[in-house]
Structure formats: structure tokens, C-alpha cells
Amino acid sequence: MGRGSASGSGDVEELTAGEGLILTGTTLKSDAVVLASSTTQTGPVNTTTPTALFTHTIPANSLVAGDVLRLTMTGTYGNNGQSVNNTLRIKLGGTNLIASAAYAVTNASANTRTWTAQVDLYIQSTTAQKASYFGLGANAAVGTLATSVQTGNHPMALLGYGTGTVDLSSDRDLVVECEFSLAHSSVFIYAQAASLVKLLAP
């Protein structure tokens with residue numbers, strides 16, 4: 001509610017929160033805050049060194065109990081006839097929250113395939129976290145929609161849940177990384193776009 005003039009006089013008028021905004025008491029706020037976004041191609045190719053698909057530094061003491069961060073990524077991968085395994089890790093402050101076992105990466109022949117993934121980070125306290133990973137892959141070229149999702153050995157089509165006890169009173173990096181068992185120029189996983197948002201409770 002508000003008044004029709006800056007001096008506080010006049011009729012009381014109704015204020016409506018727009019889309020994406022929440023009115024809590026006398027405070028108007030967004031229901032989500034974008035912490036980071038990128039459209040830079042990032043990821044491992046022709047290397048066995050663990051390589052980040054996404055990295056963001058969470059400032060010290062910026063998260064409290066009840067906060068939720070959501071990372072959404074989409075990208076491409078390729079493997080032209082090589083026998084190669086991948087290990088996927090979601091890390092906070094250098095600690096694995098979720099990590100896969102090494103698994104075979106499907107042969108994509110000479111084609112580039114697509115994937116989309118979501119990571120949710122739930123803050124229980126400044127020293128306790130829970131995390132989930134949900135990824136889908138498609139046996140489809142860039143710019144096309146697949147009629148079915150690809151599972152099994154698709155390098156990003158995984159499900160997972162994990163916990164952490166990382167102290168958030170210091171700066172901590174949130175990282176999604178891949179590690180190949182073989183370095184080859186035709187083996188790659190790229191994040192083509194990513195966004196990290198902080199979800200806000202009503």
C-alpha cells in the first residue's frame with residue numbers, strides 16, 4: 001500500500017508486485033538474484049587434467065541457512081571413436097559434494113551432441129550443505145530437438161545427491177569439473193552457457 005503524494009498525505013493506493021517480485025511486509029524484492037552468467041565456451045578437450053565447466057567464487061559470509069543456489073548449464077560434447085572415461089565432480093571449496101565414478105563416454109562418431117544440467121546447492125548452515133545434480137543428454141545435433149533423451153554413457157546424463165561440511169566464513173569456489181582418462185583432440189565436453197542464481201524465499 002502507499003499514499004498518493006510524497007508528503008504522506010492523500011488517498012491510500014494499492015501497490016502490485018510485478019512478475020518476479022515478492023512483497024514481504026513493506027519490502028519489495030526479487031524472487032531470484034543472478035550471481036553469475038556466462039556464454040563463454042568452457043571445458044576439457046585433448047587433456048587428462050581436471051577442467052572446470054563452471055567456476056564461481058562465493059564470497060565469505062554471503063550465504064545463510066535456508067539459502068538455495070541453482071546452477072543451470074547447457075553445452076555440447078563429442079567423442080569420435082575413442083575409448084575414454086569421464087569423471088564428473090561438483091565441488092565447493094575444493095571438497096567434493098558429488099562425484100561420479102569413471103564411466104565410458106559414448107562414441108558420438110564425428111557428430112556433436114548436446115546436454116543440459118542443473119545443480120542445486122542447499123545451505124543448511126554456514127558449515128553444512130546439501131547438493132543435487134540432474135543432467136540430460138540428447139543424441140541430437142546443435143539446434144535440433146531430440147524425441148528422446150540419452151542415458152547410460154552420455155557424459156552429462158547423470159543423477160546425484162551429496163552433502164558437505166564446508167565452512168562458508170571464507171571465500172569458496174563452486175566448481176563443476178570433468179576429468180578424462182584419455183587426451184585426444186576429438187574428445188571434449190563444453191559448457192556453452194551457464195547461469196547461477198540465488199533463489200529467494202517469499
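Biologist: Which residues touch the most other members of the largest nonpolar core?

Modeller: In this predicted model, the largest nonpolar core holds 38 residues. Two or more of its residues come from each of β6 (51-58), β7 (68-79), β8 (85-92), β9 (95-99), β11 (113-125), β12 (128-138), β15 (172-180) and β16 (187-199). Nonpolar side chains tend to be buried together in soluble globular proteins. Within this core, the members that touch the most others are Leu53, Met73, Leu121 and Tyr133.

Biologist: With which residues is Leu121 in contact, leaving aside its neighbours within four places in sequence?

Modeller: Leu121 is among the core residues that touch the most other members. Once the neighbours within four places in sequence are set aside, its contacts are Ile58, Asp67, Val68, Leu69, Leu92, Leu97, Gln129, Lys130, Ala131 and Leu174.

Biologist: How many helices and how many strands does the chain have, and what share of its contacts with a separation of 6 or more joins residues 24 or more positions apart?

Modeller: The secondary structure amounts to zero helices and 16 strands. Among contacts with a separation of 6 or more, the share that falls to residues 24 or more positions apart is 74%.

Biologist: What percentage of the residues is buried, and what part of the exposed area do carbon and sulfur atoms supply?

Modeller: The chain has 202 residues, of which 38% are buried. It exposes about 10400 Å², and the part of this area supplied by carbon and sulfur atoms is 51%.

Biologist: Is His56 buried or exposed, and which residues does it contact beyond four places in sequence?

Modeller: His56 is found in strand β6, and it counts as buried because its relative accessibility of 17% falls under the 20% limit. Leaving aside neighbours within four places in sequence, His56 is in contact with Leu35, Ala36, Arg172, Asp173, Leu174 and Leu196.

Biologist: Which residue lies 33 positions along the chain from Lys130, with the two C-alpha atoms 4.3 Å apart?

Modeller: Lys130 is found in strand β12 and is partly exposed, with a relative accessible area of 33%. Beyond four places in sequence, Lys130 touches Asp120, Leu121, Tyr122, Gln124, Tyr161, Gly162 and Thr163. Of these, the residue whose C-alpha atom is separated from that of Lys130 by 4.3 Å, at 33 residues along the chain, is Thr163.

Biologist: Which residues form a nonpolar patch on the surface?

Modeller: One member of the patch, Leu136, has its place in strand β12. Leu136 is partly exposed, with a relative accessible area of 35%, so it passes the requirement of over 30% for patch residues. The patch has about 400 Å² of accessible area together, and its residues are Phe134, Leu136, Val149 and Leu159.

Biologist: Why is the pair of Phe188 and Tyr190 classed as it is?

Modeller: A search of the whole structure finds one aromatic pair. The ring centres of Phe188 and Tyr190 lie 4.8 Å apart with their planes at 25°, and planes under 30 degrees apart meet the limit for this class. Phe188 is buried at a relative accessible area of 14%, and Tyr190 also counts as buried, at 16%. The angle of 25° therefore makes the pair stacked.

Biologist: How many residues apart are Lys198 and Asp67?

Modeller: The structure holds five salt bridges, and in one of them the side chains of Lys198 and Asp67 meet at 3.5 Å, N to O. The pair links distant parts of the chain, with Lys198 in strand β16 and Asp67 in the loop between β6 and β7. Lys198 is buried at a relative accessible area of 18%, as is Asp67 at 10%. Along the chain, the separation of Lys198 and Asp67 is 131 residues.

Biologist: Which strands does the salt bridge between Arg70 and Asp120 tie together?

Modeller: The side chains of Arg70 and Asp120 meet at 2.8 Å, N to O. Arg70 counts as partly exposed at 29% relative accessibility, whereas Asp120 is buried at 4%. The pair ties together parts that are 50 residues apart in sequence, because Arg70 and Asp120 lie in strands β7 and β11.

Biologist: Which residues are joined into one network by salt bridges that share partners?

Modeller: Glu177 and Arg89 meet in a salt bridge at 2.9 Å, N to O. This pair links strand β15, where Glu177 lies, with strand β8, where Arg89 lies, across 88 residues, and both residues are buried. Salt bridges that share partners make one network of Arg89, Lys91, Glu177 and Glu179.

How values were computed. Residues numbered from 1 in each chain as written. Predicted model: local features only at pLDDT ≥ 70, side-chain atom pairs only at ≥ 80, totals over all residues. Heavy atoms only, no water. Core = buried A, V, L, I, M, F, W, Y, C linked by side-chain atoms within 4.5 Å. Buried < 20%, exposed > 50% of the residue type's maximum accessible area, 1.4 Å probe, protein only. Helix = DSSP H or I, 4+ residues; strand = E, 2+ residues; numbered from the N terminus. Contact = heavy atoms within 4.5 Å. Areas by Shrake-Rupley, 256 points an atom, 1.4 Å probe, with all protein chains shown as cover. Patch = residues over 30% accessible without salt bridge, like charges linked within 9 Å, V, L, I, M, F, W, Y side chains within 5 Å. Salt bridge = Lys/Arg side-chain N within 4 Å of Asp/Glu carboxyl O. Phe/Tyr/Trp six-rings, centres within 6.5 Å; stacked < 30°, edge-to-face > 60°.
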